[in-house]
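The following exercises concern a single protein model and are to be worked with the sequence and coordinates at hand. Each task is followed by a solution in steps.

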Amino acid sequence: MENFKEILKKYLSFKTVSTDKNYQKEILACVQFLKALLEKNKFKTKIISNFGNPLVLAELNNQAKETILIYGHYDVQPAAKEDGWRNDPFSLFEDKNKFYGRGVVDNKGQNLIHLYTLFKLNQENNLGYNIKVLLEGNEETGSEKLEKFLKTYKNLLKADAILISDGEIVDHLPIIDAGFRGVINLEITFQTAKYDFHSGLYGGVIPNSLHETIKILNTFFDSTDKVLINGFYKGIEPIDKKIILNNKKIPFDENKFKKTSGIKKLFTQDLDFYTKTGLWATLQLTGLSGGYTGEGFRNSVPAKTIVKINIRFVENQSVKEIIKSLKQHLKKVSHSYVNYEIKVKEIAPAVKLELNNKYVQKAKELLKIVFKQEPVFKFSGGGLPIVAYFKKILKIPQVLVPLANEDCNMHSVNENFDKKLIEKGLKFSYLYFKK
Ligand SMILES: [Zn+2]
């Protein structure tokens with residue numbers, strides 16, 4: 001563990017913030033650090049630079065029968081001490097139970113668990129697989145060019161299975177991810193005039209873009225937030241009873257959740273929490289702007305309103321169909337004197353994973369040994385876009401084993417990794433890859 005900590009400390013010290021162009025130097029330095037670390041441990045490496053931030057590809061041919069590809073990302077979310085961190089976020093710090101720092105779980109700490117284990121097993125001459133490693137630097141910005149990269153380097157990435165550790169366990173239960181929902185982010189601009197008008201001179205006579213927008217949005221949902229757009233849920237397959245039973249077993253303390261969040265009501269009358277967030281579609285209004293929101297009042301009739309929308313959908317649904325149904329709905333409910341324009345900004349695919357294979361089975365058995373608890377398969381509301389591309393392009397089994405603690409504060413201040421879970425992760429990884 002001591003040596004693991006030293007490497008982690010160095011790894012975390014690079015400010016590899018991919019959402020901000022000012023960190024390019026740090027990103028390149030981190031790539032060099034990874035390259036040197038892998039080469040020191042007998043991996044052959046290749047840096048690929050023309051698909052966004054450099055990708056680190058590494059390979060260790062062990063003359064084994066099977067090859068496992070490890071995926072992880074070295075880029076991180078922004079972080080600054082002023083945001084409320086107890087210490088400098090880019091300098092690893094610890095207390096009795098936890099390590100802290102930006103990237104400690106998302107994802108540097110989690111990919112290092114596997115790298116560290118592989119180095120160790122190779123030294124002991126006890127590595128049971130050939131290994132390929134893919135570390136990318138654009139996960140936090142949506143892995144936009146990764147699909148193209150995978151298509152181009154398909155042969156180089158050839159493997160029998162992929163292992164990924166990202167995300168969190170639930171309570172104390174080990175988790176194997178079963179799938180992720182897809183994402184559509186879009187904006188709708190509603191316009192009723194070329195400019196704003198005096199509300200005293202024109203109010204009540206001319207259409208108000210805010211009023212019209214609210215009337216339109218009001219037709220989107222019923223009282224329990226079910227989406228009323230015709231065709232929105234099209235393609236969702238009936239959910240297997242076994243999956244629902246499994247989901248109900250995943251701990252979710254509703255009372256505690258309500259108490260800590262201030263939320264008074266959950267719309268779970270139709271489906272339980274995990275089924276609804278993992279296997280059902282949703283449309284969320286995520287932003288609304290129009291009129292004057294500054295100090296005091298500006299008495300005018302707004303001409304333009306912008307609505308931001310986030311849609312989550314499941315694998316068998318079609319993005320095209322969803323957008324088409326939204327367009328048809330708008331056509332139906334908006335008056336001819338309201339102009340609107342839809343701009344689709346971001347799309348990430350949904351994916352359901354194949355779990356019936358020996359690689360997932362092996363993870364399940366070993367997690368049970370390490371955690372002394374039966375692992376659960378979990379469908380997650382949001383996840384890694386690359387998993388869908390791996391499925392589509394490489395077409396090999398994927399084993400997704402998140403190792404972080406539930407209160408890890410990923411993407412927030414004081415991101416942390418429970419030391420006991422690092423130990424468990426290292427143990428799991430060791431058992432998985434050994435001869
Ligand atoms: Zn992240």
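A charge is taken to sit over a ring if NZ of Lys or CZ of Arg is within 6 Å of the ring centre and within 35 degrees of the ring normal. The model examined here is a predicted one.

**Exercise 1. Charges over rings**

Determine over which ring the charged end of Arg 86 sits, and over the face of which residue Lys 419 lies.

Solution.
- Step 1. The ring beneath the charged end of Arg 86 is that of Tyr 100, with a distance of 4.6 Å from the ring centre.
- Step 2. Lys 419 is placed over the face of Phe 99, and the distance from the ring centre is 5.2 Å.

**Exercise 2. The zinc site**

Identify the residues that coordinate the zinc ion, classify the arrangement of the donor atoms, and state where Asp 106 and His 411 are located in the chain.

Solution.
- Step 1. The zinc ion is coordinated by OD of Asp 106, by Glu 140 through OE, listed twice, and by NE2 of His 411, at 1.9 to 2.6 Å.
- Step 2. Along the chain, the donors follow the spacing D-x33-E-x270-H.
- Step 3. Asp 106 belongs to the loop between β5 (98-100) and α3 (108-123), whereas His 411 belongs to the loop between β17 (398-400) and β18 (416-418); the pair links distant parts of the chain, 305 residues apart.
- Step 4. Four donors count as tetrahedral if all angles lie between 85 and 135 degrees. The angles subtended by the four donor atoms around the zinc ion run from 54 to 136°, and the arrangement is therefore irregular.
- Step 5. Asp 106 is buried, at a relative accessible area of 3%, while His 411 is partly exposed, at 42% relative accessibility.

**Exercise 3. Backbone conformation**

Decide whether the peptide bond from Asp 106 to Asn 107 is cis or trans. What is the sign of phi at Asp 171 and at Lys 372?

Solution.
- Step 1. Most residues other than glycine have a negative phi, and most peptide bonds are trans.
- Step 2. The bond from Asp 106 to Asn 107 has omega near 0° and is cis; Asn 107 lies in the loop between β5 and α3.
- Step 3. Asp 171 has a positive phi, near 55°. This residue occupies the loop between β7 and β8 (175-180) and is partly exposed, with a relative accessible area of 40%.
- Step 4. Lys 372 likewise has a positive phi, near 55°. Its place is the loop between α11 (358-371) and β16 (376-380), where Lys 372 is exposed, with a relative accessible area of 69%.

**Exercise 4. Aromatic pairs**

How many aromatic pairs are counted? Classify the pair of Phe 51 and Tyr 153 and that of Tyr 233 and Trp 280 as stacked, tilted or edge-to-face.

Solution.
- Step 1. The count comes to 24 aromatic pairs.
- Step 2. Phe 51 and Tyr 153 are 6.1 Å apart centre to centre with 80° between the planes, and the pair is edge-to-face.
- Step 3. Phe 51 is in the loop between β1 (44-48) and β2 (55-60) and Tyr 153 in the loop between α4 (146-152) and β7 (161-164), so the pair ties together parts 102 residues apart in sequence. Phe 51 is buried, at 10% relative accessibility.
- Step 4. For Tyr 233 and Trp 280 the values are 5.3 Å centre to centre and 25° between the planes, and the pair is stacked.
- Step 5. Tyr 233 is buried, at 18% relative accessibility, but Trp 280 is partly exposed, at 23%.

**Exercise 5. Two buried polar residues**

Name the side chains with which Ser 429 and Asn 416 make polar contacts.

Solution.
- Step 1. Ser 429 is part of helix α13 (residues 419-433) and is buried, at 0% relative accessibility. Its side chain makes a polar contact of 2.9 Å with the side chain of His 114.
- Step 2. Asn 416 is in strand β18 and is buried, with a relative accessible area of 3%.
- Step 3. The side chain of Asn 416 makes polar contacts with the side chains of Lys 98, at 3.2 Å, and Asn 405, at 2.8 Å.
- Step 4. Beyond its neighbours within four places in sequence, Asn 416 is in contact with residues including Phe 99 and Tyr 100.

Notes
Residues are numbered from 1 along each chain as its sequence is written. This is a predicted model: local features need pLDDT of at least 70, side-chain atom pairs count only at pLDDT 80 or more; totals for chains, interfaces and linings use all residues. Side-chain values use heavy atoms; hydrogens and water are left out. Donors are N, O and S atoms within 2.8 Å of the metal (3.2 Å for Na, K and Ca); water is not among the atoms, so sites may look incomplete. Four donors count as tetrahedral if all angles lie between 85 and 135 degrees; four count as square planar and six as octahedral if opposite donors are over 155 degrees apart and all others between 65 and 115; anything else is irregular. Helices (H or I, at least four residues) and strands (E, at least two) are DSSP runs, numbered from the N terminus. Buried means under 20% relative accessible area, exposed over 50%, partly exposed in between (1.4 Å probe, protein chains only). Rings of Phe, Tyr and Trp (its six-membered ring) pair if their centres lie within 6.5 Å; planes under 30 degrees apart count as stacked, over 60 as edge-to-face and the rest as tilted. A polar contact is a pair of N or O atoms within 3.5 Å; within protein, one must be able to donate a hydrogen and the other to accept it, and residues adjacent in sequence count only if both atoms are side-chain atoms. Contact means heavy atoms within 4.5 Å.
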